[in-house]
Amino acid sequence: MYLTHLDCPRCGREHASDQLQNLCECGSPLLARYDLPAVAKAVTPERFPLRPADLWRYRELLPVGDPRHVTTLGEGWTPLLRAPAYGAEIGITDLMIKDEGLIPTGSFKARGAAVGVSRARELGVERIAMPTNGNAGSAWATYAARAGMGATIVMPLEAPGICRRECVAAGADLRLVDGLISDAGRRVAELIAESNGTIFDAGTLREPYRLEGKKTMGYEIVEQLGWQVPDVIIYPTGGGVGLIGIHKAMHELRELGWVGDKLPRLVAVQSTGCAPIVRAFAAGADRAEPWEDAHTVAFGITVPAPLGDELILAALRESSGTAVAVDDADLLADLREFAGREGLLLCPEGAACLTAARQLRAGGWIRAGERVVVLNTGAGLKYPDTVDVSGVPVLA
């Protein structure tokens, strides 16, 4: 294993990677670091096509040492699909969709769960607990069951019903709260405090390895483009782990010498009903203030106070990126328009990225001829209410 240590991006303190870790003492999430020169000597990009088509093809850059602890359902290596019809309509002729809806449990959350559960298993964890807006709970409950580990999942009542059913089917201890993910987080904190160390906190960015699974989206995009980076990557941002992970992946790839100095401009997409990152980015702030009365149909990005706000904002600024808030009515219209033109039903969070792409191209931030990758982070079938069928005629 090439994992060397964990470090704190806020205070710079190093932490041991062979022990269970949550946040740094200063309150910041921790980041996994690797001996990248040794990785570059051990493997080259030409080797990856010879390996299985899952995220574990990048095993030298992942934190699990003993393959016996790898917990997998075949996650990763999702398709990167061209969208020529919709792209031509909005003026982005090289528009591509990274479709995470085909991954186990129907969302990109399976990447973080696979790596996070595998590393937790390797370090001796027997039960995890986490708050969730739905998909992460489904994924972590499923992978915990696969690993023989217990899971306590707390989610809002308004979370997608299919996620609740997935957790129950996986045998998780599911608890519901009448509120937001921040309310679920407070309940998880109480449960962990009462557990006397028997429950491990696997909440978003509260352990360092979920991010390592999410960063593989960045590796895959680059490999699928022939080890070239796109000009722009657009990502729906709630907790922001995937955006932080993709940013981390790009820097690792550059340090390995597998890509050049030019890196993609990252775009964080939020809803006008919950846009703490957009507001902080526009204000030039390093931290985001909690968003009051958060609500959006794109439930996965309803995160009023993301723990990784500093890391998200830093990734946007370091990549010369931006942050955009879109309206629910617009994203639902784009969801339907895209499905009609390209034959792919996106999740509302993915559709929000299309709306952002359209608006950024209209405003000139995305330039003619640029290659743009949009992340569709989940299967549209998990959100049946985004398509209105009330007007469909019933034949006599």
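Helices (H or I, at least four residues) and strands (E, at least two) are DSSP runs, numbered from the N terminus. With these names, Ser 17 can be placed in the loop between strand E2 (14-15) and strand E3 (31-34). The model is predicted, so that local features need pLDDT of at least 70 and side-chain atom pairs count only at pLDDT 80 or more, while totals for chains, interfaces and linings use all residues. Residues are numbered from 1 along each chain as its sequence is written, and side-chain values use heavy atoms, with hydrogens and water left out.

**The annotated domain**

In an unreviewed entry, UniProt lists residues 72-378 as "domain: Tryptophan synthase beta chain-like PALP"; UniProt positions are given in the numbering used here, feature names are shortened, and annotations may be inferred rather than shown by experiment. Over residues 72-378 the chain is 44% helix and 17% strand, and the end C-alpha atoms are 18 Å apart.

**Four residues and their surroundings**

The table gives the place and the relative accessible area of four residues, where buried means under 20% relative accessible area, exposed over 50%, and partly exposed in between (1.4 Å probe, protein chains only).

| Residue | Place | Relative accessible area |
|---|---|---|
| Ser 17 | loop between strand E2 (14-15) and strand E3 (31-34) | 9%, buried |
| Thr 302 | loop between helix H10 (276-283) and helix H11 (309-318) | 2%, buried |
| Thr 198 | loop between helix H6 (181-194) and strand E9 (200-201) | 53%, exposed |
| Asp 309 | helix H11 | 2%, buried |

Contact means heavy atoms within 4.5 Å. Leaving aside neighbours within four places in sequence, Ser 17 is in contact with Leu 3, Thr 4, His 5, Leu 6, Arg 119, Leu 123 and Tyr 209. With neighbours within four places in sequence again left out, the contacts of Thr 302 include Asn 133, Leu 180 and Ile 181, and also Cys 274 and His 295, whereas those of Asp 309 are Ile 277, Asp 286, Arg 287 and Ala 288.

Distances along the sequence and in space can be set side by side. Thr 198 and Arg 127 are 71 residues apart in sequence and 6.9 Å apart in space, C-alpha to C-alpha, while Asp 309 and Arg 210 are 99 residues apart in sequence and 16 Å apart in space, again from C-alpha to C-alpha.

**Helix H5**

Within helix H5 (residues 161-169), the residues Cys 163, Glu 166 and Cys 167 are buried. Seen down the axis of H5, these buried residues fall within an arc of 100°, so they line one face of the helix; the arc is that of the directions from the helix axis to the C-beta atoms. Arg 165, Val 168 and Ala 169, on the other side of H5, are exposed. The cover over the buried residues of H5 includes helix H4 (135-147), strand E7 (150-156) and strand E8 (173-177). Just after H5, Gly 171 takes a positive phi of about 80°.

**Helices H8 and H9**

Two packed helices are described by the angle between their axes and the distance between the axes. Helix H8 (residues 216-224) packs against helix H9 (residues 241-256) at an angle of about 55°, and their axes are 7 Å apart. That makes H8 oblique to H9, since angles under 35 degrees count as roughly parallel, over 145 as roughly antiparallel, 65 to 115 as roughly perpendicular and the rest as oblique. From H8 the contact is made by Met 217, Gly 218, Tyr 219 and Val 222, and from H9 by residues including Gly 242, Ile 246, Glu 252 and Leu 253.

How values were computed
Axes are lines fitted to C-alpha atoms, for helices over the stretch in contact, and angles run from 0 to 180 degrees between N-to-C directions.
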